[in-house]
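The following exercises concern the structure shown below. Each task is followed by a solution that proceeds step by step.

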Amino acid sequence: MQNFESINKIPKNKLLASLTSDIAYLSPGIGILVMLCLAVMIVISFYFMKRTYTYFSRHRLGKNTLYKDYSECIEGQKKRLALINALLENRSLLLLDEWAANQDPNFKAIFYNEILPYLNSLGFTIILISHDGRYFYAAQKIYEIKNGKIKI
């Protein structure tokens, strides 16, 4: 009882200082227990880190696909702005190289079925380079380049 009363008389900051110095002098049994707990915590943390990295690596594919779709959307927007710029500068000849390649499917159909005929009706000469055979019907003339030769 006397030891307990003497501990209560020690100011708290001194008690904390004495506790921190006591940690260096653990008994062998407590030292082994602390080392065992530390080892278990390390093993558990490696397990959860491995699961976290596996999760991120699985979902990175989704993230990369999302970024690709986003960057294609940006490329499509850049091409739309370039076309608008050419129209505002009243250029009579438009050279569009794979212009619709980065457009979303709905806008691609609008481009070939509505925008190109409208621009043609305004008197624009349009040279359109495309590999998409689904829309060749929109052209008035088709030139095929094969093995370095132009075929009409």
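## Exercise 1: Helix 4

Helix 4 (residues 105-121) contains 17 residues and spans 24 Å from its first C-alpha to its last, close to the 24 Å expected at 1.5 Å a residue. The expected span is 1.5 Å times one less than the number of residues, and helices (H or I, at least four residues) and strands (E, at least two) are DSSP runs numbered from the N terminus. The model is predicted: local features need pLDDT of at least 70, side-chain atom pairs count only at pLDDT 80 or more, and totals for chains, interfaces and linings use all residues. Residues are numbered from 1 along each chain as its sequence is written, and side-chain values use heavy atoms, with hydrogens and water left out.

**Task.** Determine where the kink in helix 4 is centred, and state which residues of helix 4 are buried.

**Solution.**

Step 1. The kink in helix 4 is about 40° and is centred on Phe 111. The bend at a residue is the angle between axes fitted to the seven residues ending there and the seven starting there.

Step 2. Phe 107, Lys 108, Phe 111, Tyr 112, Leu 116 and Leu 119 are the buried residues of helix 4. Here buried means under 20% relative accessible area, exposed over 50%, and partly exposed in between (1.4 Å probe, protein chains only).

Step 3. Ile 115 also lies in helix 4, but counts as partly exposed because its relative accessible area is 24%. Leaving aside neighbours within four places in sequence, Ile 115 is in contact (heavy atoms within 4.5 Å) with Phe 107 and Ile 110.

Step 4. After helix 4 comes Gly 123, with a positive phi near 100°.

## Exercise 2: Strands and overall arrangement

**Task.** Establish in which sense strand 1 and strand 2 pair, and describe which side chains of strand 1 are buried.

**Solution.**

Step 1. The protein chain has four helices and four strands, in the sequence order α-α-α-β-α-β-β-β.

Step 2. Strand 1 pairs with strand 2 (residues 125-129) in the parallel sense, over five bridges. Pairing requires that DSSP find at least two bridges between the strands. Within this pairing, Leu 95 has Ile 127 of strand 2 as its bridge partner.

Step 3. Side chains alternate along strand 1 (residues 93-97): Leu 94 and Leu 96 point to one face and are buried, whereas Leu 93, Leu 95 and Asp 97 point to the other and are not.

Step 4. For the protein chain as a whole, 13% of the 152 residues are buried. Of the contacts between residues at least 6 apart in sequence, 49% join residues at least 24 apart.

## Exercise 3: Charged side chains

**Task.** State how many salt bridges the structure holds, and decide whether Lys 79 is buried or exposed.

**Solution.**

Step 1. Side chains of opposite charge can pair when their charged atoms come close. A salt bridge is a side-chain nitrogen of Lys or Arg within 4 Å of a carboxyl oxygen of Asp or Glu; the structure holds five.

Step 2. Lys 78 forms a salt bridge with Glu 75, with the closest N and O atoms 3.3 Å apart. Both residues lie in helix 3, three residues apart, about one turn of the helix. Lys 78 counts as partly exposed because its relative accessibility is 48%.

Step 3. Arg 80 forms a salt bridge with Asp 104, at 3.2 Å between the closest N and O atoms. Arg 80 lies in helix 3 and Asp 104 in the loop between strand 1 and helix 4, so the pair ties together parts that are 24 residues apart in sequence.

Step 4. Arg 91 and Glu 89 form a salt bridge whose closest N and O atoms are 2.4 Å apart. Lys 108, Asp 132 and Arg 134 are joined into one network by salt bridges that share partners.

Step 5. Lys 79, in helix 3 (residues 28-88), is buried yet has no salt bridge; the nearest side chain of opposite charge, Glu 75, is 6.3 Å away. In this count Lys and Arg are positive and Asp and Glu negative, while His and the chain ends are not counted. Not counting residues up to four places away in sequence, Lys 79 touches Asp 97, Glu 98, Trp 99, Ala 101, Asn 102 and Gln 103.
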